Amino acid sequence: MTLLILAAVALGTGIATILVSGERRSLALAIGLVGSLVVLALALAMPDTESLIIGGVGMISTPVVRAMAVAWSASLAVLGLLEIAVGGRPTVVGPSLVGLAVAGLALATRDPASSMAALAAGGVAGVVVPGLAGWLDGPDMPSRLPTTSRGTLAILGSGLLALAVIAWGASPAGPLGGGGRISIDPAAQLSLGLALLVIVAAVAIRTGLIPLHVWAARFMEGVSPLAIPAAFAWGSAAFVLVALDWSQVFLGPAAAGDAERLLIIFLALTSVVLGGLAAMVHDDVEHVLGYSILQDAGVALLAFASLEPGVVAAARNWLVASATVKTALAAWATVVRTTYGGHRLDDLGGWARHSPALGVAFAGILVAAIGLPNMALFQARTDLVASAMPGIGQILALFIAAMPAIYLGRIAIAGLAPVSPAVAAGMSGRPRWRGGRAVGWSEGPLTQAIRAIPGELRANRAPLMALGVLALAVMALLTATGGAGG
Amino acid sequence: MNLALVAIVLAIGAGAVLAVSTRDGAASATGLAVALVASALLSDPLPSAAVLAVRVVAALLVATMIRSAVRSGPRQPSPVGWPSEALLATAGAVAGLGLAVGLASAAAAGGLGLGLPGIGDAGPGGPVEPGGTALTSMALITAAGTSLLALGAAPLVHGRPGTRRAIGLVLVTQAVLLLRIGVAGPAVELEEIAREGLLVVAGATGAALAIATAGSMPAREDGERSGT
């Protein structure tokens, strides 16, 4: 029941935020922020296991649902505060709340067709709203509408494709005979493998894996980085989790034959390697963020190569933890862009010296992204890679873990370099006290203090935003350490 | 064979052909409304009143949103004309019937219990023989789905941005939803709600993109706006 209330609140406040954001920015942000906080409270109060039946389908809130709801709603509350500080039309909190509502319901629902339909419907807002109303370079950019259109097609198309293969699986003449796995003869094996490849194709389209990444790359460079986690990190994670659950339950490990396994590994490693390399060679932080998310999705795809229960559990940990980490990175990228105006490494020399809180936050993000042995994220990545490629998996996992060390390390090194003129000209990242007394104000000290709050907040906008990133970095470290209870 | 269902399938095809081929925006939206409402009724037996209401309301909502988009955008009739679109829809429906018969044959040949009213059902004359499936409601639903898929795919993938692409998006979404029922059987109530939510979102997204596209175009002569 708690999950239903959470979904209703998130859906209601999310849609309300989207609807009023065009005319009344402050009201939209207030609704979004209140909605995020209420959803966070509900997520924290949600029991680990709770079940009910709605419309003939069981809904069970599991530890993974709870972990995802808590991590997503907590990061959303911080993103809402950052959106207030950054300015512009609100395009982040509303779609994120809608995405959170449908993701929670989809993960809890025991009917995969309902889950996929809901995810496809709810995921579109994360692309359409920022695409139509939040293009950073202005609404006249020629890339805006085609990119948004392609993104819409990708999200709806992946959902429809998944819906089709789920229907095929439930068909009396499908690979499962409509009611559970049938005996594995060559024809049935072929059907199972085909069904697995189709659901993997849907996942590849939804997550924007290479070579289907062009729209995703254009989208990520066009919108505020704050809008990226809802569309890609969290939205993709929910889609992959539902697809993975369906594949494990309805297809089973037998579906991944040698040929299917090779194809899946090839597709996953293409995104892991090329995504990592692209993140290393690009100089702008939005591309680094975008390609690192693609790389994470590539690692998650490896779970489809074996579908063993232990691997699926690792994928759950990986998806939730990496989404939290990338949300923190997206917040960092936004704050850097807002504070210093630039987004290329050449323009960001000495950013960490200029804003120590932001530097500490980035250090936390760096550690969480790479992971340490015994951290859930590190172990999940190792399990995913090793299960898909026994023998070389352990070494390859270390190689993959080293990639974020390189592309995030470049940003860290730039932060420790001498302060560049562009960074020096930006807002100060250090807190300062303006004196706390408004000119001409002569009433009592309490009134003075209250009166001074807006001015102090404005004067300390940059350090406050850095504190928000720091909070997200702590969250990322906690999730990377504890995982999703998968 | 249920003649009422056949009539509904014909209405779906006719409405969809009108939606993608006409130059008149109002007629296009009307055709879409006919296709979607008829799709809501394509079921034997009919679902509960609540489910039926959800389906019809969603269909009308989508048609209304597309109508608002058509009003603001340029006219985008079919480049090949309605006879070609009608033939395409017919070909799609025939392919759907073939798919349904093939599925029934495969199921019957495999000796699998179907458990669903529809393809491969034992008719009054006795059990189903491989290749001898009667034309059942599931086969007709599959045919309607493939027909809409054939009509909607081209505007969706190759159409210019605007209302035609929005109509293609709605038709393809409805096509997959029909195929889902035609292939795997009736949906539970929760899935019905999710399905109709998906249809409404597809319509809203298509309409929003079409309106944004129309707004980004340079000013045109009044005659090119279908709503004027």
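**Exercise 1. Find how confident this predicted model is in chain B, and where its confidence drops.**

Start with the average: chain B has a mean pLDDT of 81, and 82% of its residues score at least 70. Since this is a predicted model, it pays to look next at the weak stretches. Residues 113-134 of chain B stay under 50 in pLDDT, yet the model gives them 43 contacts beyond four places in sequence. A second stretch, residues 219-228 of chain B, also has pLDDT below 50, with 15 contacts beyond near neighbours in sequence. To finish, take the scores for the model: ipTM is 0.84 and pTM is 0.88.

**Exercise 2. Describe the fold of chain B from its secondary structure, burial and contacts.**

First count the elements: chain B has seven helices and zero strands. Written in sequence order, the pattern of chain B is α-α-α-α-α-α-α. Next comes burial, where 55% of the 228 residues in chain B are buried. Last, take the contacts in chain B between residues at least 6 apart in sequence: 73% of them join residues at least 24 apart.

**Exercise 3. Work out how helices α1 and α5 of chain B are oriented, and what kind of residues join them.**

Two packed helices are described by the angle between their axes and the distance between the axes. Here, the axes of α1(B), residues 3-21, and α5(B), residues 137-158, come within 10 Å and cross at roughly 5°. Angles under 35 degrees count as roughly parallel, so α1(B) and α5(B) are roughly parallel to each other. On the α1(B) side, the contact residues include B:L5, B:V9, B:I12 and B:V20, while α5(B) contributes, among others, B:L140, B:L148, B:L151 and B:P155. Sorting the full contact by class gives 13 nonpolar, three polar and no charged residues.

**Exercise 4. Characterise the side of chain A that touches chain B.**

Begin with the counts: 32 residues of chain A contact 34 residues of chain B. Then ask which elements supply them: α5 (112-123), α6 (125-133) and α7 (144-170) of chain A each give at least two residues to this side. The largest share, 11 residues, is from α7(A). Finally, the class breakdown for the chain A side is 20 nonpolar, 11 polar and one charged.

**Exercise 5. Locate the largest nonpolar core and follow one of its well-connected residues.**

The largest nonpolar core holds 266 residues, and those with the most contacts inside it are A:L301, A:W332, A:V469 and B:I66. Helix α13 of chain A (residues 309-340) provides the largest share of this core, 19 residues. Now follow A:W332: leaving out neighbours within four places in sequence, A:W332 contacts A:L358, A:A361, A:F362, A:I365 and A:V469.

**Exercise 6. Decide whether A:T49 and A:L398 are buried, partly exposed or exposed, and place each in its surroundings.**

Take A:T49 first, which sits in the loop between α2 (25-45) and β1 (50-54) of chain A. A:T49 has 11 C-beta neighbours inside 10 Å and therefore counts as exposed, the limit being 12 or fewer. Beyond four places in sequence, A:T49 touches A:I60, A:S61 and A:T62. Its C-alpha atom is 10.0 Å from that of A:V64, which is 15 residues away along the chain.

Turn now to A:L398, in helix α17 (residues 393-416) of chain A. With 13 C-beta neighbours inside 10 Å, A:L398 counts as partly exposed. A:L398 and A:T382 are 16 residues apart in sequence, with a C-alpha to C-alpha separation of 7.8 Å.

Notes. Residues are numbered from 1 along each chain as its sequence is written. Chains are lettered from A and ligands numbered from 1 in the order in which they are written. This is a predicted model: local features need pLDDT of at least 70, side-chain atom pairs count only at pLDDT 80 or more; totals for chains, interfaces and linings use all residues. Axes are lines fitted to C-alpha atoms, for helices over the stretch in contact, and angles run from 0 to 180 degrees between N-to-C directions. Helices (H or I, at least four residues) and strands (E, at least two) are DSSP runs, numbered from the N terminus. Angles under 35 degrees count as roughly parallel, over 145 as roughly antiparallel, 65 to 115 as roughly perpendicular and the rest as oblique. Two residues are in contact if their C-beta atoms, placed from the backbone, lie within 7 Å. Ala, Val, Leu, Ile, Met, Phe, Trp, Tyr, Cys and Pro count as nonpolar, Asp, Glu, Lys and Arg as charged, and the others, Gly among them, as polar. A residue is buried if 20 or more other C-beta atoms lie within 10 Å of its own, exposed if 12 or fewer, and partly exposed in between; C-beta atoms are placed from the backbone. A nonpolar core is a set of buried Ala, Val, Leu, Ile, Met, Phe, Trp, Tyr and Cys residues joined through C-beta atoms within 7 Å. pLDDT is the predictor's confidence in each residue, from 0 to 100.
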